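Subject: The two-chain model, over to you

Hi,

Here is the structure I promised to pass on. Have it open while you read, and I'll walk you through what turned up.

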Amino acid sequence: MSEPLAAEPMVVPAPAPSGVDATAALSEILVRRTVRLEDGRSLTYYDFEAASDAPVPSEA
Amino acid sequence: MSERRWHPMLGEWVVTATHRQDRTFLPPADYCPLCPTSPGGFPTEVPESDYRFVVFDNKFPSMRSPAPVPEVAGNDLHPVAPADGHCEVVLYTPRHEGSLGALPTGDLVRLIRVWTDRYLELGARPGMACVFIFENRGEAIGVTIHHPHGQIYAFPFVPPRVERERAQAAAHHARTGRCLMCDIVADERADGRRLVVEGEHFVAFIPFFARYPYETYLVSKQHRASLADLTGDEVSDMARVLKDLLGRFDGLWQIPFPYMMVMHQAPVRTDKAPGDHLHLEFYPPMRTPQKLKFLAGCESGAGTYINDTLPEVKAAELRAVRLEP
């Protein structure tokens, strides 16, 4: 089995040195939107919005 | 055609899924079904022209709900059941090139949040007993589409590997009053020879009992039953340790390192035992850059693994990998 071994050498990126990137991702609002595909299967888009950009729910 | 057939000798289910023989097999990059659909381009699995993360029902599922009626009749010796369940595909990125380990740490945090959402969503569906998150990477593992993605299965039963692990944890807890994985983590940290990466809240190590040369566990240092029990800081640290570990895998031989990655945790949110402890297990199939570790006669027929290497040596190799700045 040699298939995966023929790859070109690659540069491996280091992990983010600080927690800034991760911290920002934690504060975002997770937004999901589910659609029904033509064949009946379900597909969900996941997006992340900055907290200040999130829609404010209207009061009942 | 899909159904569950009972294996009376092993006491476990086997799922048949003959339609999967026809699934997409190594398509060229410009016909990748997991890329977004370009304007005027051929329709992929994802109708929109861009996305962040996408989760969808597998087009060729091993299980589905409602499941088709089995086409074969069972009997007392050979029970048959519908192959109920859910099989989802998780797209990590709209870009065709890349990998889980190449995602920025922030996107790994977001992915962990997506995994958590699916864990809660699928685990709350009627009849589901275990949500199983995993990724197969590389053709050596049998990957048929290269676009970076993982999978999630929701089973209507707790699969035998998870069940056996839970039984061992329950026996340890009954004997000692402690969580088995907590004790393993404490022992590995005290010894130190098999550690690969240690973060504030997560640690990665090749376990004392590794069956594959580079088998690696990534474990919460605190006792956490599932993804849903993690704090924000812990999610962040899990992402960092995961990225570090995957960088070491790819850096070891400077090739995209094949692996199976599986997540073990409380099977669903409402089925939590004292020994359930969130962790990822990686089973890389390579023992050298040119040689695979085959699950041959002894492993497959006797269930006993022969590891040709020592975990202490392999962990040192991974620790020595220099990650490019």
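Let's start where the two chains meet: β2(A) and strand β3 (residues 53–57) of chain B pair in the antiparallel sense over 4 bridges. Two strands count as paired if DSSP finds at least two bridges between them. Strands themselves are DSSP runs of E with at least two residues, helices are runs of H or I with at least four, and both are numbered from the N terminus. At this junction, Thr44(A) sits opposite Val55(B) in β3(B).

Before going further, some housekeeping. This is a predicted model, in which local features need pLDDT of at least 70 and side-chain atom pairs count only at pLDDT 80 or more, while totals for chains, interfaces and linings use all residues. Residues are numbered from 1 along each chain as its sequence is written, and chains are lettered from A and ligands numbered from 1 in the order in which they are written.

How far can you trust it? pLDDT is the predictor's confidence in each residue, from 0 to 100. Chain B has a mean pLDDT of 94, with 98% of its residues at 70 or more. The model scores ipTM 0.92 and pTM 0.91. Where pLDDT is low, the predicted coordinates should not be read in detail.

Chain A

Chain A has 1 helix and 2 strands, running α-β-β from the N terminus. Of its 60 residues, 15% are buried. Buried means that 20 or more other C-beta atoms lie within 10 Å of a residue's own; 12 or fewer makes it exposed, anything in between partly exposed, and the C-beta atoms are placed from the backbone.

Its strands β1 (residues 29–36) and β2 (residues 42–49) pair antiparallel over 8 bridges, with Arg36(A) opposite Ser42(A). The hairpin they form has 5 residues between the strands, and there Gly40(A) has a positive phi near 95°.

The big sheet

Follow the pairing on into chain B: β3(B) is joined to strand β5 (residues 86–91) of chain B by 4 bridges, again antiparallel. Val55(B), the partner of Thr44(A), also stands opposite Val90(B) in β5(B).

What is the strand order of the open sheet of 11 strands? It goes β1(A)-β2(A)-β3(B)-β5(B)-β7(B)-β6(B)-β11(B)-β12(B)-β10(B)-β9(B)-β8(B), with antiparallel pairing. At the edges are β1 of chain A and β8 (195–198) of chain B, each pairing on one side only. On average, neighbouring strands are turned by 20° against each other, direction ignored. Helix α1(B) packs on this sheet, touching β1 and β2 of chain A along with β3, β5, β6 and β7 (149–155) of chain B, and its direction makes about 25° with that of β3(B). For such angles, axes are lines fitted to C-alpha atoms (for helices, over the stretch in contact), and the angles run from 0 to 180 degrees between N-to-C directions.

A second set of strands

Chain B also has strand β1 (residues 2–7) joined to strand β2 (residues 12–17) by 6 antiparallel bridges. His7(B) has Glu12(B) as its bridge partner. In this hairpin, with 4 residues between the strands, Gly11(B) takes a positive phi near 65°. On top of that, 2 bridges join β1(B) to strand β4 (residues 80–81) of chain B, also antiparallel.

Inside and outside

Is Phe205(B), in strand β9 (residues 202–205) of chain B, buried or exposed? It is buried, because 28 other C-beta atoms lie within 10 Å. Among the residues Phe205(B) touches are Glu188(B), Leu195(B) and Ala315(B); contact means C-beta atoms, placed from the backbone, within 7 Å. By contrast, Gly127(B), in the loop between α1 (105–123) and β6 (130–137) of chain B, counts as exposed because it has 11 C-beta neighbours inside 10 Å. Leaving aside neighbours within four places in sequence, Gly127(B) is in contact with Asp84(B) and Pro156(B).

Finally, the largest nonpolar core has 80 residues, and Val54(B), Val131(B), Ala204(B), Leu218(B) and Leu245(B) touch the most other members. Helix α4 (residues 232–253) of chain B gives the most to this core, with 8 residues. A nonpolar core here is a set of buried Ala, Val, Leu, Ile, Met, Phe, Trp, Tyr and Cys residues joined through C-beta atoms within 7 Å.

Happy browsing!

Key: Contact = placed C-beta atoms within 7 Å.
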